[in-house]
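Grab a viewer and something to scribble on. Here are some exercises to work through, each with a solution you can check step by step.

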Amino acid sequence: MKWGLGETDLLGTQKTMWLLDNFLSKIITQGQLNVTAPNGNVTSYGSAHERYGPVNITIKDKATANRISRNPALGAGEAFMDGGLTIEDDNIMALLELIAFNMRWDYDNTTRVGLWKSQRILSKIQQVNDAVRSRKNVAHHYDLNDRLYDLFLDADRQYSCAYFTDEDNSLSQAQTDKMAHIAAKLDLKPGHKVLDIGCGWGGMAMFIHKVSGADVTGVTLSEEQLKVARQRAADAGVSDHVRFELIDYRHVQETFDRIVSVGMFEHVGRPNFQAYFDTVRDRLKPDGVALVHTIARADGPGVTDPWTQKYIFPGGYAPALSEILPHVEKSWLWATDIEILRVHYGHTLVHWYNSCREKRSEIEAIYDARFYRMWMFYLAAAANAFFHDGHMNAQIQLTRRRDALPITRDYIAATEKEYRKKAAS
C-alpha cells in the first residue's frame, strides 16, 4: 500500500488511508502533489506540469486523514484551519489551484462529473432565506471587524468583482472601472432617484452621485456597513443626496428611476428569486432601468459547497442563468442586456489573497491564526472557482418597457469613458 501501513495498524486506519489514497489517485492526474502521511512516508500523485505543482502537504495525524477521506469538500478546509493539514509556505492557493485544475469544468473532464451530487439534497434547506434569516446570514459575514476589510480591499471598500480592462491594472483602478461600467449601463439622467439594493459600505452609491448627480438610497442588512456608509456620506457632504437605510429590500416602498444591485443577489436564496424580481419591477418607474450584478454559474444549477456554506456564506448561492431568467420573465421584465464576466472575479480574489498574505500578522492580531487560515482558504477556493470551475459573473440589465433604453449599446461605452474621467477628477 502506498501509505506504507504496517500489519500492526488497525483495520479502520487502513481503510481510512486507503480511501484517501484512492481519492487522491483519481483526482490528481496533472501536476504533482506530494503527501507526507502521519507515519512519515511520502506518496506522490499526478505528474509534472509546467504550471501546477509540485505541492507538498503534510497530514499530521490519522484523525485528519479520516476527516478528509470521509468528506473532502468540508474536511480539507477544516483540517487546514485546525492545523492538521499543513502546506509548504502555508500557500493554500497552490494546493487549491492544483485540485481545481484537475477538477476543472470542461466537457471532456470526466473526473469532475458527479462529485457533488450528494450535496444537492441540501440545496433546498440552504436556500430558505426569510427576512430574519437573511439578516443573520448577512451579519455572519459582513459584520466582521472593519479593520479586516481595510487590510485587503481597495480604499473604496469595493467587496465585489472588479472589472479589469487590462489584467495588469491595479485593484483600485479595476474597481473604479467596475463602477463606471455599471453606472453607464443605468443610463442615468439628471434628477434621477436611484435605489442601491445591498449597498455595502456605500461606494457604488457615492460613485453614482458623483458622476451623475443622481440622488441615491442605499439599503443594507449589515449594521457595520450602515455606520461606515453613513459616515462616508457625511464626510463627503452629500448626506442630502446619498442616504443609507437598514432595511430589507422587500420592505422598500418608494419607486425609483434606476435600481442597482451589486454582489447581493447571491444572498437572496432560490425560493426568493421571484419575490426579488417582482420587487425590482414594483420599485421601478415605468421607464426605469435596473442592473443586477451577481455571481452566476456556467455549469447549470448546483449547490453551495458545504465548507463555504458553513463558514463563509450561510444561505448564499450562486445561481445559473437558467435559474434566474425564468423569474425575470414571470416578473414581466425585459432582459435588455446580459454580459458575462468570466475571469474578472478570479483576478480580483488573487489581489485580495495576496494582500491578506502580506497582512497575516495584522489579521491574526484581530482574530487568530485559525481565522486567518479560514479566510485564506475562502479566498483561494473562490479564486479557483472562477479560473477553473463553472463560476462567472453576470450583469443583467432590466427594464419594464422595451423602449426605455437606446436600441444599440453604443451609449454604454461613451458614458463609461465619461464616468472614468469624472471619477479621476
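The exercises below concern strands, cysteines and salt bridges in this predicted model.

**Exercise 1. Work out whether strand β11 is enclosed or open, and find its partner strands.**

Step 1: Start with burial. Strand β11 covers residues 391-399, and nine of its nine residues are buried, so the rest of the structure largely encloses this strand.

Step 2: Now sort the side chains by direction. In a regular strand, side chains alternate between the two faces of the sheet. In β11, His391, Asn393, Gln395, Gln397 and Thr399 point one way. Met392, Ala394, Ile396 and Leu398 point the other way, and both sets are buried.

Step 3: Look for partners. Strand β9 (residues 284-297) runs antiparallel to β11 and is joined to it by nine bridges. To anchor yourself in the viewer, find Ala296, whose bridge partner in β11 is Met392.

Step 4: Then take strand β10 (residues 334-341), which pairs with β11 over seven bridges, again in the antiparallel sense. A handy marker here is Asp337, standing opposite Gln397 of β11.

**Exercise 2. Sketch the open sheet of four strands and pick out its edges.**

Step 1: Write down the order, which is β2-β1-β3-β4, and label the pairing as mixed.

Step 2: Mark the edges. Those are β2 (42-47) and β4 (85-87); each has a single partner strand, so one side of each lacks a neighbour in the sheet.

Step 3: Add the twist, which averages 20 degrees from one strand to the next.

Step 4: Zoom in on one edge. Strand β3 (residues 55-59) and β4 run antiparallel, with three bridges between them. Thr58 sits opposite Thr86 of β4.

**Exercise 3. Find how many disulfides the structure has, and say whether Cys161 and Cys199 are buried or exposed.**

Step 1: Recall what you're after: a disulfide is a covalent bond between the sulfur atoms of two cysteines.

Step 2: Run the search over the whole structure, and you get zero disulfides.

Step 3: Check accessibility against the cut-off, where buried means under 20% relative accessible area. Cys161 comes in at 0%, so this residue is buried. Cys199 has 6%, so it too is buried.

**Exercise 4. Take three of the salt bridges and describe the accessibility of their partners.**

Step 1: Get the total first: the count comes to 27 salt bridges.

Step 2: Take Arg420 and Asp177, whose closest N and O atoms are 3.3 Å apart. This pair links distant parts of the chain, 243 residues apart: Arg420 belongs to helix α17 (residues 410-424) and Asp177 to helix α8 (residues 171-185). Arg420 is partly exposed at 28% relative accessibility, whereas Asp177 is buried at 2%.

Step 3: Next up is Lys189 with Asp187, at 2.9 Å from N to O. Lys189 has a relative accessible area of 37%, so call it partly exposed. Asp187 has 13% and counts as buried.

Step 4: Finish with Arg243 and Glu245, where the closest N and O atoms are 3.2 Å apart. Arg243 is partly exposed at 33%, and Glu245 is partly exposed at 29%.

Step 5: Follow the shared partners outward. Lys193, Arg230, Arg243, Glu245 and Glu254 are joined into one network by salt bridges that share partners.

Methods:
Residues numbered from 1 in each chain as written. Predicted model: local features only at pLDDT ≥ 70, side-chain atom pairs only at ≥ 80, totals over all residues. Heavy atoms only, no water. Buried < 20%, exposed > 50% of the residue type's maximum accessible area, 1.4 Å probe, protein only. Helix = DSSP H or I, 4+ residues; strand = E, 2+ residues; numbered from the N terminus. Pairing = 2+ DSSP bridges. Disulfide = S-S within 2.5 Å. Axes fitted to C-alpha atoms, helices over the stretch in contact; angles between N-to-C directions. Salt bridge = Lys/Arg side-chain N within 4 Å of Asp/Glu carboxyl O.
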